[in-house]
Amino acid sequence: MSLAIFGSHVLTPGGVLEDHWVLVEGQRIAAITRTRPRAETVLEAPGRFVLPGLMNLHNHCFSEMVVRNRTEDGASGDEASLVYRLLMPLSRLALNSLSSAERLAAARLGLLQVMKGGATSLLEPFRNGIPEMFQAALELGLRFWGAPYVFSSADPRMGADGVMEYASVGNDDGNADLLEWDRLRDLWDGQGEGRIRLAMSPHATDTCGPELLRAAVMRARALSVPITVHVAQSADEVALCRQRHGCTPVQYLERVGLLGPDLIAAHCIHSDAEDLALLARTNTTVVNCPRTFARGGVFAPYGRFVAQGIRTVIGTDGYNMDLLGELGAAGMISKLEAGRADVAKAGELLGAVTHVAADAVARPDLGRISLGATADLTVVDLTHPHLQPMADPVRALVWLGHRAELDALVVDGQLVLAGGRHRLVDEASVVAEGATAIRKVWDMPEARAAFAGG
Ligand SMILES: [Zn+2]
């Protein structure tokens, strides 16, 4: 199989090349050339910008769809209420009440949304009750690190007074979840010619006890798989960590051995200066998801982490799932926080979801358009009226663009999306079947009560 794509602009490690062809042979980039190569499939139209495949390293598409349109404008209260009153209990309800076919339909819809946001790679933590995520990722041709959670306390409850109850932290060693992780790994790891992998995801610092965290990190490091965990998502989580362990969530993770270059720490927004220094010193990656917090009026500036020398990537956390659009939001929020315009520049933001993200999952063959690199590409069309006239393609894309510019996706050399449409699935059926499954959850009395604030 060979594929040639003409880019009016091609983003390479050395800068943007004008009017070049990218030739893909098999799963590799075989040439980047001014002359038109021979290939079985040729995409030739002016105005395309060929980028390394974008990598979304933090997302939860299933739980987000379950609460879609119920979380903006203050409808879900503060960030802790959103997580503990809506996301966690309703995703549990959905898993328990939908059939496997319905869960698969929902997974397909969620992953289709992720891909149509520009991503060729996804790291997705999810409850292990929806193993259909792996099947959907395989069908859609996505590069996928599935991260079935391990928990000490899988279903914390927030009472009407806002006080949290963690049924079993300290009692449950999480061993059943670790065994389920092993089982899913046996079934799925390496499928799709290696595109489907597992990552280890202890859920968060408040829902995982020290023994489980130590066991999870040992397992992950023995198998050389990426590790991801939610850290300092809310002020409540920090207060609880201090009460239980006498330290901040970041210090807690250091104590149990989680910090390091293979850890992708989600959010870290309630971290102090010492925490940030510790993350930088241990080469831990922070994944920043600014819009999920912005909807709740919470500042989560990407630039705050970068300024401390932390390797920082950008994800969508399930909210919106438009990774291209998230870059602009991450940049604007960072400029507001810094009070200056010369931070979080467009090229740096694109780097955060390409080569920086590739390094965070120890895959230097991804995230770069260079000879011999693995052929994952995101191709956008810059001919849209709102981008013209155009003086700088990188700034045009980051500051004026979003998922509407998506034209094609190549994963492992395979053209999985072209002309803005997915080629491996029928989009209309995926949308109809996925939405039907999610609406079934919305109609359940427990969901109605939760949405009404009951
Ligand atoms: Zn998350």
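Biologist: Happy to look at this with you! Which residue caps the N-terminal end of H2?
Modeller: Keep in mind that this is a predicted model. The backbone nitrogen of Ser81 has a side-chain oxygen 2.8 Å away. The residue that supplies this oxygen, and so caps the N-terminal end of H2 under the 3.5 Å cut-off for a polar contact, is Asp78.

Biologist: Thanks! How far does H2 reach from its first C-alpha to its last?
Modeller: H2 covers residues 79-97, which is 19 residues. At 1.5 Å a residue, 27 Å would be expected. The reach in the model is close to that, at 26 Å.

Biologist: And at which residue does H2 bend?
Modeller: The bend is about 25°. A proline, Pro89, follows within four residues of the bend. The residue at the bend itself is Leu87.

Biologist: On to H3, then. Are H3 and H4 parallel, perpendicular or oblique to each other?
Modeller: Helix H3 (residues 100-116) packs on helix H4 (residues 132-140) with the axes 8 Å apart, and the crossing is right-handed. Among the residues that meet are Leu104, Leu111 and Met115 in H3, and Met133, Ala136 and Leu140 in H4. The angle is about 50°. An angle that is neither under 35 degrees nor from 65 to 115 nor over 145 falls in the remaining class, so H3 and H4 are oblique.

Biologist: Good to know! Is the crossing of H3 and H16 left-handed or right-handed?
Modeller: The axes of H3 and helix H16 (residues 427-442) come within 8 Å and cross at roughly 125°, which makes H3 oblique to H16. The contact includes Ala105, Leu109 and Leu112 of H3, along with Val430, Val431 and Ile438 of H16. As for its hand, the crossing of H3 and H16 is left-handed.

Biologist: How are H12 and H15 set relative to each other?
Modeller: The axes of helix H12 (residues 323-338) and helix H15 (residues 393-400) come within 7 Å and cross at roughly 85°. Leu324, Gly328 and Met332 are among the H12 residues in the contact, and H15 brings Leu397, Val398 and Trp399. Because 85° lies in the range from 65 to 115 degrees, H12 and H15 are roughly perpendicular.

Biologist: Now the loops: is the peptide bond from Gln388 to Pro389 cis or trans?
Modeller: Pro389 sits in the loop between strand S17 (377-381) and H15. Omega for the bond from Gln388 to Pro389 is near -10°, and the bond is cis.

Biologist: One last thing, if I may: what is phi of Glu193?
Modeller: Glu193 is placed in the loop between helix H5 (175-188) and strand S11 (196-198). Its phi is positive although the residue is not glycine, with a value near 55°.

Technical notes
Residues are numbered from 1 along each chain as its sequence is written. This is a predicted model: local features need pLDDT of at least 70, side-chain atom pairs count only at pLDDT 80 or more; totals for chains, interfaces and linings use all residues. Side-chain values use heavy atoms; hydrogens and water are left out. Helices (H or I, at least four residues) and strands (E, at least two) are DSSP runs, numbered from the N terminus. The expected span of a helix is 1.5 Å times one less than its number of residues. The bend at a residue is the angle between axes fitted to the seven residues ending there and the seven starting there. A polar contact is a pair of N or O atoms within 3.5 Å; within protein, one must be able to donate a hydrogen and the other to accept it, and residues adjacent in sequence count only if both atoms are side-chain atoms. Axes are lines fitted to C-alpha atoms, for helices over the stretch in contact, and angles run from 0 to 180 degrees between N-to-C directions. A crossing is left-handed if the near helix is turned anticlockwise from the far one by less than a right angle, and right-handed if clockwise. Contact means heavy atoms within 4.5 Å.
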